[in-house]
Amino acid sequence: MIVQWNWRCKCSVVSVAAVLLVLYNAAAHVWLQRDAACVPAPPPPPPPSCEPCAQPPRAAPPADPLAALDMRLGRWDGARAYRLFDYAAVGSRYASLGGSRRVCLATQSSVERLHELLALAAHWSGPLSVAVFVTGDELRALRGFAAWLLRCRPAVWARLALHVGTPGARPGAAGGALPGWARDCAQPPPAPRRRADTVAWRATHPYPQNHLRNLARKNCHGSHVLLLDIDVVPSRGLAPALERFLRAAPRCPLCVYVVPTYELDRRVRAFPSDKAELIRLSRKKLAIPFHRKIFIYNQYASNFSLWEASGGNESAETHVSHNVTNFELFYEPFYLAPDSVPAHDERFLGYGFTRNSQSDGSLTSGIHGAVDLAAAAYSHSSTHKESRLGVVRPLPDVLTGAGAVDVTLTSRTPSGACSEESCFDPH
């Protein structure tokens, strides 16, 4: 009897303990739930922001692109007379355009004619390599023009490379702050103001245009270079037209392509839109071949009469019009050439024997043919009634150095080079 009671007593204790445990768990669960409901919910997360994935803002371009130019660091020319600065300032697209285009336009200028670049660049959409000569306080004027171009014509500046040449005996001087007009986009840059001693020095020292031509040309990256004077304006659309022409033309590393160049009368308000319009102006004596009134032999070998006789509608694309065979000593054409043609002879300073010495040197080195390009004419920015006095090469010419280049005026085809038939396919 006692054993049975003990067993029942133990079972009762266990049952009570189990019931209490269940009640405790239930109470704890209720308390925890109540505590969680009383705790305030955390605030919702902020909406996603684009700031982490946005590109960091680009640094603003410098107001003075030539601010870092150190006039002590330029390389010397062969005679140690001039310091030359490659890529003194470079536009953001120049490197990419130079690597993707076959043709680069190279030109050179002094600061007083630098405004001519605006008309040239308006007609040329490819890369531009520009060499500028400065001495004394002219460097300040160049800084002002570069700053104005960067601020007011960013599309032109983006595809331009600017190089600087300066005399070792009288280098350019920065001259303090930029001119006030460098920030005024409402007006084109004015004529530069130069000190009297700078003007006097320039009047008594020859202009080293062959140095500048080489400086601009050798900093082009394309396979071909179109070397122009700063006041020569190409036809609109010439850059893509020459690209298409070179893609379609037979490969000829010893061929150069002459482009007919005309001067327009001041009464002509707009540049000719095509060859037909240029021929119409020529027949009315409102356009004449370049330098015809000053020095006819400058372009005589191009045979403008033959070029005009082909008419203005023979082809919509740039193509070979005819071969130039009667090369002459003073022939100075503007032409598209591979970068392998000889450099300009830097012994010639000033005006005279500067371009024709290079043309004749090309012939003696194996460049055996030049051709005119139809539908790719230029219009000169000057008026032929004024004869460009004071701008063209005056005679007698300034010649320095060891003497003139000994040239042979015969066209020849070196062994292994393409013949005229394979190089030129006149339409």
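Reader: What makes β3 and strand β6 (residues 224-229) a pair, and in which sense do they run?
Author: Two strands pair if DSSP finds at least two bridges between them. β3 and β6 share six bridges in the parallel sense, so they qualify. One of the contacts along the way is Gln108, whose bridge partner in β6 is Asp229. The strands themselves are DSSP runs of E with at least two residues, helices are runs of H or I with at least four, and both are numbered from the N terminus. A word on the ground rules: this is a predicted model, local features need pLDDT of at least 70, side-chain atom pairs count only at pLDDT 80 or more, and totals for chains, interfaces and linings use all residues. Residues are numbered from 1 along each chain as its sequence is written, and side-chain values use heavy atoms, with hydrogens and water left out.

Reader: How do you know that β3 and β4 pair too, and why is the β-α-β crossover called right-handed?
Author: Six bridges join β3 to β4, again in the parallel sense, and in β4 the bridge partner of Ser110 is Phe133. From β3 the chain crosses through helix α3 (residues 117-123) to β4, and this crossover is right-handed. That name applies if, with the strands pointing away from the viewer, the path from the first strand over the helix to the second runs clockwise.

Reader: What makes β3 a mostly covered strand?
Author: Buried means under 20% relative accessible area, exposed means over 50%, and partly exposed lies in between, with a 1.4 Å probe and protein chains only. Eight of the eight residues of β3 are buried. Val103, Leu105, Thr107 and Ser109 are on one side, with Cys104, Ala106, Gln108 and Ser110 on the other.

Reader: Why does Thr107 count as buried, and which residues is Thr107 in contact with?
Author: Thr107 comes out at 0% relative accessibility, so it counts as buried. Contact means heavy atoms within 4.5 Å. Leaving aside neighbours within four places in sequence, Thr107 touches Ser129, Val130, Ala131, Ala216, Leu227, Leu228, Asp229 and Ile230.

Reader: How do you know that Thr107 makes a polar contact with the backbone nitrogen of Ile230?
Author: A polar contact is a pair of N or O atoms within 3.5 Å; within protein, one must be able to donate a hydrogen and the other to accept it, and residues adjacent in sequence count only if both atoms are side-chain atoms. A polar atom of the Thr107 side chain lies 3.2 Å from that nitrogen of Ile230, so the pair makes the cut.

Reader: What joins β6 to β12?
Author: Three bridges do, and these strands run antiparallel, with Val225 opposite Ala337 in β12. β12 (residues 335-338) is buried on both sides: Tyr335 and Ala337 point one way, Leu336 and Pro338 the other. Strand β8 (residues 255-258) pairs with β12 in the antiparallel sense over two bridges, and that matches the minimum of at least two. Tyr257 has Leu336 as its bridge partner there.

Reader: Which residues of helix α6 (residues 196-204) are buried, and how do you know that they line one face?
Author: They are Thr198, Trp201 and Arg202. Looking down the axis of α6, they fall within an arc of 100 degrees, so they line one face; the arc is that of the directions from the helix axis to the C-beta atoms. Ala196, Ala203 and Thr204, on the other side, are exposed. The buried residues pack against β3 (103-110), β4 (128-133), α4 (138-152) and β5 (160-167).

Reader: Why is α4 called largely enclosed?
Author: Buried residues make up 13 of its 15, so the rest of the structure largely encloses α4.

Reader: What makes Lys285 stand out, and is it buried or exposed?
Author: Lys285 has a positive phi of about 65 degrees although it is not a glycine. It sits in the loop between α9 (275-283) and β10 (287-289). Its relative accessible area is 61%, so it is exposed. Tyr87 also has a positive phi, near 55 degrees, but its place is in strand β2 (residues 82-90), and at 32% it is partly exposed.
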